[in-house]
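Colleague: I'm new to this, so could we go through some of the labels together?
Modeller: Gladly, let's bring up the model.
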Amino acid sequence: MAQSASPPAAPASTPPAQEGVAQVVVTGQRAALQSAQKIKQNSDEIVDSIVADDIGKLPDRSVTEVLQRIVGVTIDRTMAKSDPEHFSVEGSGVNVRGLSYVRSELNGRESFSANGGRALNFEDVPPELMAGVDVYKNPSAEQTEGAIGGLVNLRTAMPFDFPGRKIAVSASGSYSSLRAKAAPSASGLFSNSWETDLGKFGVLIDLAHSESKTRTDAYQVEPYYPLTDTNTGASVWIPKGSQWRTLTFDRKRDGAYAALQWKKNDVESALTYFKSKYKMSWFENALFAQSSPYNITVDPGATYDSNGALLTGTLRDDVDKGINFGADTRTANRVSDTQDISWNVSWKASDHWAFKGDLQFVKAGTHSFDSTVATGIQMAKEQVDLTGSTPRLVFDDADRAALADPSNYYWAFTMEHKDRSDATDKTLKLDAKYSFDSDILSDLRFGLRLTDRDATTINSVPSYNWAAITQTWEQGWDINHLAYLSDPRFSGNTHLYDFPNFFNGKGSVPALIFPDTSTAAGYPDSYAALHHYHDILCTEQHGGDASACPAWKPVSFGTDPAGSNQQEERTQALYSQLRFGFDDLPMPIDGNVGLRFVRTEGTAHGYTVFSTSNPTIPPGGTQAGTPVPSIANFSKAQDFKNDYNDFLPSLNLRMKASNDLQFRLAFAKAMTRPDFTQLQAYTSLSQTTTQHTVGTQVIVDSVSDTGTGSGNPMLKPTKSNQFDLTAEWYFSKTGSFTVAAFDKQLKDVIINQVYQIPLTDTSGNTVNFATTAPVNGARGTARGFEVAFQTYFDKLPGWLSGFGMQANYTFVDSHTHLYNPITSVYCNGGNSATNLNLNLNGCDTDGRTFGNLPLANLSRNAFNLALMYDGGPISARVAYSWRSKYLQAVNVNGTSGSDGTDSNPASPTAGQHNIGWGLPTWADGYGQLDAGIFWKAMDNLTLGLEGTNLTDSTYRQLMQQHIGMKGRAWFSTGPSYTLTARYSF
């Protein structure tokens, strides 16, 4: 039998302990490094791992932060890709080799969060329950499909991993220096096994509770607009203001894991239960500019850079009697949980045959409420200095006093949002393995996998329901004046917030008047009371006629089909994989070759809505000109079936030049299905006409048949041809130097563009509606290389031999090419989903397009550096992680609008401020230093101190404009510290 092919480390439907992955519980960084290196060296595929160096002790406080230590893996630092205005202290989305097409598994089985996507929110998972994390960079046939970027497998311990009874407990307290609050955490594990006449039995129970209390301070600068300096007459670029905010974040994360294991002779079985629950709430006080940028002036003496962008100056808005700012109180909460129960049985029937079966049920859910209530103020002036590392805002005593005076504020607006998601998945997996008596063939594996998944998401309609209470632009036609707090009818329910210790004492900003938290949290009654202020002023404006003032209505939730996304998906997969080895060659070669076939059957339940605004013909009149198709208005429920087949071949080769040096070559086809949010089957179609009248004859000039889809239920998966080549030198048990090159050729990348939806008119003719929605509309490339080095300096004398280091670097280059390119020098149209040029290429405030943007969330450069020490009772680590600038999104909240200047000289509205604009938003290069030291006080007791963000790094966000990359936001969270005690026996 061929012996060079090692047992596979690929995730499978059995716990990794049964699959050959090293699952021995280790102690200490050195042992953890050795175990992870062994997994990488012996795997059939290209994999990188991190192993817990003690029970419940991965090297970071969240799984997301753990993953960023692995070469080729980067994490995002915002709460959501669509909302880059809010920083995430523990990290959020995970990319592998620059791509977000990441599959998540728990013990080799699919795991996910109910968020409309397909993967776990890794920040939801308690790291205390993990024994290790593996990241697979290229697939094999026996791996479940869906991992173009990579596969992240989270591993827990099993009872048989311990020689007998094991009990471990830990307690810790974390302290955020900026928040100045502490938060507790605790975990406990019990495991035992027994030999009986009925076989060996084992049980393991692992519980974890973790809390975090943090704060984020931020400066922001509004996008720059092309204006004329009223003092010099020069063409310049000026933001309409700069602002500041503070967000406090509370997180509770609970986890429970239990495993029963049994083995007798050649039969083994395991039953596992896993539950993670994540509860977060955050509260924000934020200031943001609301004035028209074209009313902003700058006092004499302002300075500008070489492109005409403002550097220093004092801003005013005399037209609006002050720069109009909103001061909002925002509160949001979310509860998410994922439960997984799985049963596995394996049987070694003979020397040649082995069989495995696996059943799994996953249930996930999440629900959220987000509420914002704002006051407004017209600031007399704002002096800004944008020459430093952060904005410097200067206010004199009179300015500060005015900003702290409630009588200068008015009630501005409310905004609420709700969502709820639920998902379930049932999986059956059957595998067989036949082992050969051969010098070349090792074994043949084959099997099937059946899944049945349902996912439902309900969003409020509209998703974020912004509603004015009183706004400056409403005066004179809707209300007679603003609802000032100085008016006894509208006073109260506010407080003064003075932004203490802002930016850890490195910034000083004025105190402001904000709505009380109870007002934001008191929805819907508090909202109704605030909007009654509008009704009072509206009735006064209309001479006492209250019928002219429609009452505020709360957001629709669960009753409008536009907010519902219901999906069903069934998959059937077959695979066959042959493992082989050529041991007699001068450089032995082993590997595997296989083919995976998967059929996907999707059903989306949704609605199609059609409305028309046909021209009105006067009595006795006629219609001429362009014919108007006759289609009756309708709104109907529809089911959309989307079935497709994929054949996914793979080849993984390893050549051993020596016991220490080996090379790998891998090729595979991979696929990732669309997220369920992209498959939503709600489409709104409309027919509009333009016409003119001559006498009693209406002449139709044009007919427009268009539509907008919340999603596209007929999307196909994104696919990739991928190639990998590695060189790996393992020069000691804990020392290695590896280099990997990769090339991923993607096709059918999902973007928002136009596709045709046909309807039949009353004459039987087909009418195509140009519908803007997600489509498989682009191809792309992601190629680059990884370099990784790790070692302990064992040959140094005495205690110096305890020092070690880890270092890795990743380079990724990406390009995107649209199947139907949209190229335009100038922007046109409003800010809507149908403005493809805006949403794909971005538009500046001067009405010009950007284009040629890279793949989102992809940094060209990233590196990690860690210095370690393990000697006697001391174990320590100092780690620095950095990634370079990357595109976050285009046309998102805070850097978009509809008042851009029409600069197209051929446009009939040239010079007007009516163009929808949206900037590409980038995250600047960011690095963070973390450290920890642990002391083994006794054989069973370990004490530790850890620090995060010890250099108090500032996360900087950029906005791309034609005057260059300008600073958009600066976030500071401050260092945090954790004291830990662990006891085991």
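Colleague: Why is Glu 90 called buried?
Modeller: In this predicted model, Glu 90 has a relative accessibility of 12%. Buried means under 20%, so Glu 90 counts as buried.

Colleague: What makes Arg 253 and Glu 90 a salt bridge?
Modeller: Their closest N and O atoms are 3.5 Å apart. The cut-off is within 4 Å, for a side-chain nitrogen of Lys or Arg and a carboxyl oxygen of Asp or Glu, so the pair qualifies. Arg 253 is in strand β15, while Glu 90 is in the loop between β4 and β5, 163 residues apart.

Colleague: And why does Arg 253 count as buried?
Modeller: Its relative accessibility is 1%. That is under 20%, so the label fits Arg 253 as well.

Colleague: How do you know that Arg 109 forms a salt bridge with Asp 358?
Modeller: Here the closest N and O atoms are 3.0 Å apart, which is within 4 Å, so this pair counts too. Arg 109 lies in strand β7 and Asp 358 in strand β21, so the pair ties together parts 249 residues apart in sequence. Both residues are buried.

Colleague: Why is Leu 359 called partly exposed?
Modeller: Leu 359, found in strand β21, has 41% relative accessibility. Partly exposed is the range between under 20% and over 50%, so Leu 359 belongs there.

Colleague: Which nonpolar surface patch does Leu 359 help to make?
Modeller: One of about 610 Å², whose residues include Leu 359, Trp 343 and Phe 361.

Notes. Residues are numbered from 1 along each chain as its sequence is written. This is a predicted model: local features need pLDDT of at least 70, side-chain atom pairs count only at pLDDT 80 or more; totals for chains, interfaces and linings use all residues. Side-chain values use heavy atoms; hydrogens and water are left out. Patches are made of residues with over 30% relative accessible area and no salt bridge: like charges are joined within 9 Å, nonpolar side chains (Val, Leu, Ile, Met, Phe, Trp, Tyr) within 5 Å. Accessible areas come from the Shrake-Rupley method with a 1.4 Å probe; for residues, only the protein chains shown count as cover. Helices (H or I, at least four residues) and strands (E, at least two) are DSSP runs, numbered from the N terminus. Buried means under 20% relative accessible area, exposed over 50%, partly exposed in between (1.4 Å probe, protein chains only).
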